[in-house]
Amino acid sequence: MAFTTIIPRMLTVLFLGDIVGQPGRAAVIARLPELKSKYELDFVIVNGENAAGGRGITGKITIDLLRAGVSVITSGDHIWDQKEILSFIATEPRLLRPVNYPEGAPGSGSIILETAKGKIGVINVQGRTFMQPILDNPFRAVEAAVTKMRTETLNIIVDAHGETTSEKIALGRFLDGKVSAVIGTHTHVQTADDQIFPGGTAFLCDAGMCGPVNSILGRAVDPIMNRFISNLPSSFPVAGGEVRLRGAFVEIDEATGRAVGITRVDEPGPSAPAASEPEPKIDIEQGPSPEQT
């Protein structure tokens, strides 16, 4: 009797961390066709909440990223920084805001899309520890979103946008076996803890950023350094120079939704001159926080 070996179909997903300003988004748009071929990608997720001058995202930038081949754009605490997004987000379901905003907030925190290998869902959730604004409980909100999504697909990626490693790891452990991957964003610093939890959920505490490496979180070094020294308000322009694209490559068994592999991504991007975009308005009374991500 001949035995047939069943080879599972693998969904391949590239998740890129926070895009910072023009250098970051230009690098993503320029490199994405090559990366799609290199990794044989089925799906691409990027966090775009810092894509417009380092603060927020616009409708035009959203469209540019989607046309370049991005499947879904996630966000976080800076989603509303560009005021036009309040009306635009309702028109583009592939741009997500955190799912734990109160009922009635514009836009959506989750989406399911078709691929050639089946459906894949994406959920965007924001942590509460050291984060503003303080949103609804992320564990309960993401649990409800996952339960609903699993009636349509087992292939689910969660962007856990948060400040602390403990909260993001807790979210990953909480969702182990319920989603395919939990990838953290927000700190702009890629962590080295890529792993697959016992239940089959791939995890990375923070994907890092797509932006200038000779910087402080994608911003010019001196203004932020001087802010820490002097405590005086200042603008924080996006840095120029060498750009890296950082994130994670995840392989998912399409039939079970379990991750079979996760690899950190650290790809070069084209160098960029210092940003010429106008900086967002700064509240001089309080001054900006050095944490502008």
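Helices, taken as DSSP runs of at least four residues, and strands, taken as runs of at least two, are numbered here from the N terminus. On that basis, the secondary structure of this predicted model comes to six helices and 13 strands. The protein has 293 residues, of which 54% count as buried. Among contacts between residues at least 6 apart in sequence, 68% join residues at least 24 apart.

A convenient place to begin is the sheet. Strands of a sheet pair through backbone hydrogen bonds, either parallel or antiparallel. In this protein, six strands make up an open sheet with mixed pairing, and their order is E5-E6-E7-E8-E10-E9. Strand E5 (110-115) and strand E9 (195-196) are the edges, each pairing on one side only. Helix H4 packs on the sheet, where it touches E5, strand E6 (118-126) and E7, and the direction of H4 makes about 170 degrees with that of E6. Elsewhere in the sheet, strand E8 (residues 181-185) runs parallel to strand E10 (residues 202-204), and the two are joined over three bridges. Alanine 181 is found opposite alanine 202 of E10.

H4 also has a helical partner. Two packed helices are described by the angle between their axes and the distance between the axes. For H4 and helix H5 (residues 165-174), the axes come within 11 Å and cross at roughly 30 degrees. The crossing of H4 with H5 is right-handed. On the H4 side, the residues that meet H5 are Pro138, Phe139, Arg140, Val142 and Glu143, while H5 contributes Glu167, Ala170, Leu171 and Phe174.

Following the chain onward from H4 leads to threonine 153, in the loop between helix H4 (138-149) and strand E7 (156-161). With a relative accessible area of 6%, threonine 153 falls under the 20% cut-off and is therefore buried. The side chain of threonine 153 has two backbone atoms at hand for polar contacts. One is the backbone oxygen of lysine 119, at 2.9 Å; the other is the backbone nitrogen of asparagine 155, which lies 3.1 Å from a polar atom of that side chain. Leaving aside neighbours within four places in sequence, threonine 153 is in contact with Ile112, Lys119, Ile120 and Gly121.

The loop between E6 and H4 holds two backbone features that are easy to look up in the structure. Phenylalanine 130 lies in this loop and has a positive phi near 60 degrees, although the residue is not a glycine. The relative accessible area of phenylalanine 130 is 70%, above the 50% cut-off, so this residue is exposed. Proline 133 is also placed in the loop between E6 and H4. The peptide bond that leads from glutamine 132 into proline 133 is cis, with omega near -5 degrees.

A positive phi also occurs at histidine 186, again in a residue other than glycine, with a value near 115 degrees. Histidine 186 sits in the loop between E8 and E9. Here the relative accessible area is 0%, so histidine 186 is buried.

Isoleucine 85, found in helix H3 (residues 85-88), likewise has a relative accessible area of 0% and is therefore buried. Beyond neighbours within four places in sequence, the contacts of isoleucine 85 are with Ile57, Thr58, Gly59, Ile79, Trp80 and Leu95. Its C-alpha atom is 9.6 Å from that of glycine 107, a residue 22 places away along the chain.

The last element considered is helix H6 (residues 221-230), in which Pro223, Ile224 and Arg227 are buried. Viewed down the axis of H6, the buried residues fall within an arc of 95 degrees, so they line one face of the helix. A general point about helices helps in reading this pattern: an α-helix has 3.6 residues a turn, so residues three or four places apart point the same way. Phe228 and Ile229 are exposed on the other side of H6. After H6 comes asparagine 231, which has a positive phi near 65 degrees.

Conventions
Residues are numbered from 1 along each chain as its sequence is written. This is a predicted model: local features need pLDDT of at least 70, side-chain atom pairs count only at pLDDT 80 or more; totals for chains, interfaces and linings use all residues. Side-chain values use heavy atoms; hydrogens and water are left out. Buried means under 20% relative accessible area, exposed over 50%, partly exposed in between (1.4 Å probe, protein chains only). A polar contact is a pair of N or O atoms within 3.5 Å; within protein, one must be able to donate a hydrogen and the other to accept it, and residues adjacent in sequence count only if both atoms are side-chain atoms. Contact means heavy atoms within 4.5 Å. The arc is that of the directions from the helix axis to the C-beta atoms. Two strands pair if DSSP finds at least two bridges between them. Axes are lines fitted to C-alpha atoms, for helices over the stretch in contact, and angles run from 0 to 180 degrees between N-to-C directions. A crossing is left-handed if the near helix is turned anticlockwise from the far one by less than a right angle, and right-handed if clockwise.
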